[in-house]
Amino acid sequence: MTDRGKMDGDGLRKHPVLGVETMGTARVVRLGGELDLYNAAQVRSALDDACAAAPERIVVDLGEVDFIDSTALGVLIETRTKLGNRDGFLLAAPGLETRRALQISGLDKLFTVHDTVPEALVAKV
């Protein structure tokens, strides 16, 4: 089974972390499925690991996220505060529902949000 097909412990849900890769001086963390209270610890762990590598930037690819709740949004905020250069924490490719959650919460003003991962990788930080 590919990473994309891995299931969470309950056997019903996809693992929220689809992949983590280094691209130049950036770490790209690909998330997917439903991000909520039940898998926030897995998301936090992947983002903490990405921070530990001290990259110039962390790009969180939200392109395959179907739903994000306040707990998962809190994990994104936490991670951003751990970086020396908070401008180096970028969100990319949010779908309609994820973008709406960012707008409703006002977090679209806190985070730098790019339409694509390539845009986030070349943005000034």
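What share of the 125 residues in the protein chain is buried? Hello everyone, let me start there: buried residues make up 43% of the chain. Please keep in mind that we are looking at a predicted model.

Let's begin with the overall layout. The protein chain has five helices and five strands. Reading from the N terminus, the order of elements is β-β-α-β-α-β-α-α-β-α. The radius of gyration is 13 Å, and the globule rule gives 14 Å for 125 residues, so the chain is as compact as a globular protein of that length. Along the principal axes, the C-alpha atoms fill a box of roughly 40 × 30 × 25 Å. If we take the contacts with a separation of 6 or more, 63% of them join residues 24 or more positions apart. As for the surface, the chain exposes about 6500 Å², and carbon and sulfur atoms supply 53% of that area.

Now to the inside. The largest nonpolar core has 26 residues. The residues with the most contacts inside this core are Leu31, Ile58, Val60, Ile68, Leu76, Phe89 and Leu91. Where do they come from along the chain? At least two core residues are supplied by each of strand S2 (26-35), helix H1 (40-52), strand S3 (57-68), helix H2 (70-82), strand S4 (89-92) and helix H3 (96-105). Which element gives the most to this core? That is H1, with six residues. There is also a second, separate core of six residues, and Val59, Ala92, Val117 and Ala120 are among them.

Let me zoom in on two members of the big core. Isoleucine 68 is in contact with Leu35, Leu73, Leu76, Thr98 and Ala101, once we set aside its neighbours within four places in sequence.

Phenylalanine 89 is my other pick, and this residue lies in strand S4. Its relative accessible area is 0%, so phenylalanine 89 counts as buried. Not counting residues up to four places away in sequence, phenylalanine 89 touches Ile58, Val60, Leu76, Thr79, Arg80, Leu83 and Phe111. For a sense of distance, phenylalanine 89 and alanine 101 are twelve residues apart in sequence, and their C-alpha atoms are 18 Å apart in space.

That contact with Phe111 deserves a second look. The structure holds one aromatic pair. Phenylalanine 89 and phenylalanine 111 form this pair, with 5.8 Å from centre to centre and 50° between the planes, which makes it tilted. The pair links distant parts of the chain: phenylalanine 89 is in strand S4, while phenylalanine 111, 22 residues away, is in the loop between helix H4 (107-110) and strand S5 (112-114). Phenylalanine 111 is buried, just as phenylalanine 89 is.

On to the charged residues. Side chains of opposite charge can pair when their charged atoms come close. How many salt bridges does a search of the whole structure find? The count is seven, and I'll walk you through three.

One of them joins the side chains of arginine 30 and glutamate 64, at 3.4 Å from N to O. This bridge links distant parts of the chain, with arginine 30 in strand S2 and glutamate 64 in strand S3, 34 residues apart. Arginine 30 is partly exposed at 25% relative accessibility, and glutamate 64 is partly exposed at 26%.

Another salt bridge is between arginine 57 and glutamate 56, where the closest N and O atoms are 3.0 Å apart. Are these two buried or partly exposed? Arginine 57 counts as buried, at 6% relative accessibility, whereas glutamate 56 is partly exposed at 41%.

My last example is the bridge between arginine 100 and glutamate 97, at 3.0 Å from N to O. These two are three residues apart in helix H3, so about one helical turn separates them. Arginine 100 is partly exposed at 37% relative accessibility, and glutamate 97 is partly exposed at 46%.

Before I stop, here is one more charged residue. Aspartate 36 sits in the loop between S2 and H1. This aspartate has a relative accessible area of 7%, so it counts as buried. What is around aspartate 36, leaving aside its neighbours within four places in sequence? Its contacts are Arg13, Phe67, Asp69, Thr71 and Ala72.

That's my tour, and thanks for listening!

How values were computed: Residues numbered from 1 in each chain as written. Predicted model: local features only at pLDDT ≥ 70, side-chain atom pairs only at ≥ 80, totals over all residues. Heavy atoms only, no water. Core = buried A, V, L, I, M, F, W, Y, C linked by side-chain atoms within 4.5 Å. Buried < 20%, exposed > 50% of the residue type's maximum accessible area, 1.4 Å probe, protein only. Helix = DSSP H or I, 4+ residues; strand = E, 2+ residues; numbered from the N terminus. Contact = heavy atoms within 4.5 Å. Salt bridge = Lys/Arg side-chain N within 4 Å of Asp/Glu carboxyl O. Rg over C-alpha atoms; globule rule 2.2 N^0.38 Å. Areas by Shrake-Rupley, 256 points an atom, 1.4 Å probe, with all protein chains shown as cover. Phe/Tyr/Trp six-rings, centres within 6.5 Å; stacked < 30°, edge-to-face > 60°.
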